[in-house]
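Q: Please take a close look at how the helices and strands of this model are arranged, beginning with the packing of one pair of helices. A connected account for a newcomer would be welcome.

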Amino acid sequence: MQQGIFQARFSIHSASNDNTVTEPWMFKDSTDLIRSAILLRYRMAPYLYSCEYEAAKNGAPIMRALVYEFQEDENTYDNSFDFLFGKSLLVANVIEKDAASRRVYLPAGLRWYDMNDNYRCYEGGQTIEVPVTMETIPMFLREGGILAMADNQLMNMERDCVEELRLIIASAREGSQFVLYDDDGRTND
């Protein structure tokens, strides 16, 4: 789930050739965690939509290997698990069962803000260890990053609209920019 909510196309329900069906509520011990992850994705819809626009305009992937953005940082070359969601957000999903902490390499050259720890600031170029639980999705906003989120909780992407937009902006030593893409939700305008 932690991986899936950051992908451009996300679906947790399925059916196989033998008509076996998979739905979120079938995982009774994890239903609340699944719901929380999906609701986070829905709150991030303005950011995701803008990343999709960027991908359509210039081919930049929505999920980016760290080396894509930080080619000068050799420590990103072999990092296979952490990724950037768009340009602004580093995601370090919990990938070990029953983990109590997660080691995360923060690329060099800028500061990173821990979205799960009151935006605690870390200098890049180091590996940190953060506490995790099953509920945790370690996320770090990069210096100069801008994250557009719905402040109202969307429950249905077809029927609900973003009524309140929250911009989370990480200060930068140099200027930041972000293209917020939006449309009327009904036509191609």
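A: Angles between helix axes under 35 degrees count as roughly parallel, those over 145 as roughly antiparallel, those from 65 to 115 as roughly perpendicular, and the rest as oblique. In this predicted model, helix H1 (residues 31–43) packs against helix H2 (residues 45–58) at an angle of about 60 degrees. H1 and H2 are therefore oblique to each other. Their axes lie 5 Å apart. The contact brings Arg41, Tyr42 and Arg43 of H1 together with Ala45, Pro46 and Leu48 of H2. Sorted by class, the residues of this contact comprise 4 nonpolar and 2 charged ones, with no polar residue.

Beyond the helices, 6 strands form an open sheet with antiparallel pairing. Their order across the sheet is E3-E4-E5-E10-E7-E8. Strand E3 (63–65) and strand E8 (120–123) are the edge strands, each pairing on one side only. From one strand to the next, the twist averages 35 degrees. Within the sheet, strand E5 (residues 89–91) pairs with strand E10 (residues 139–142) in the antiparallel sense, over 3 bridges. Across this pairing, Leu89 stands opposite Leu141 in E10.

Two loops call for attention to backbone geometry. Most residues other than glycine have a negative phi. Asp98, however, has a positive phi, near 60 degrees, and is not a glycine. Asp98 is found in the loop between E5 and strand E6 (101–106), and with a relative accessible area of 66% it is exposed. Asn118, likewise a residue other than glycine, has a positive phi of about 55 degrees. The place of Asn118 is the loop between strand E7 (111–114) and E8. Asn118 also counts as exposed, because its relative accessibility of 74% lies over the 50% cut-off.

The cysteines complete the picture. A disulfide is a covalent bond between the sulfur atoms of two cysteines. The structure holds 0 disulfides. For Cys161, the closest cysteine sulfur belongs to Cys51 and is 20 Å away, so the two are too far apart for a bond. Cys161 is partly exposed, at 45% relative accessibility. Cys121 is likewise partly exposed, with a relative accessibility of 40%.

Definitions and conventions: Residues are numbered from 1 along each chain as its sequence is written. This is a predicted model: local features need pLDDT of at least 70, side-chain atom pairs count only at pLDDT 80 or more; totals for chains, interfaces and linings use all residues. Side-chain values use heavy atoms; hydrogens and water are left out. Two strands pair if DSSP finds at least two bridges between them. Helices (H or I, at least four residues) and strands (E, at least two) are DSSP runs, numbered from the N terminus. Axes are lines fitted to C-alpha atoms, for helices over the stretch in contact, and angles run from 0 to 180 degrees between N-to-C directions. A disulfide is a pair of cysteine sulfur atoms within 2.5 Å. Buried means under 20% relative accessible area, exposed over 50%, partly exposed in between (1.4 Å probe, protein chains only). Contact means heavy atoms within 4.5 Å. Ala, Val, Leu, Ile, Met, Phe, Trp, Tyr, Cys and Pro count as nonpolar, Asp, Glu, Lys and Arg as charged, and the others, Gly among them, as polar.
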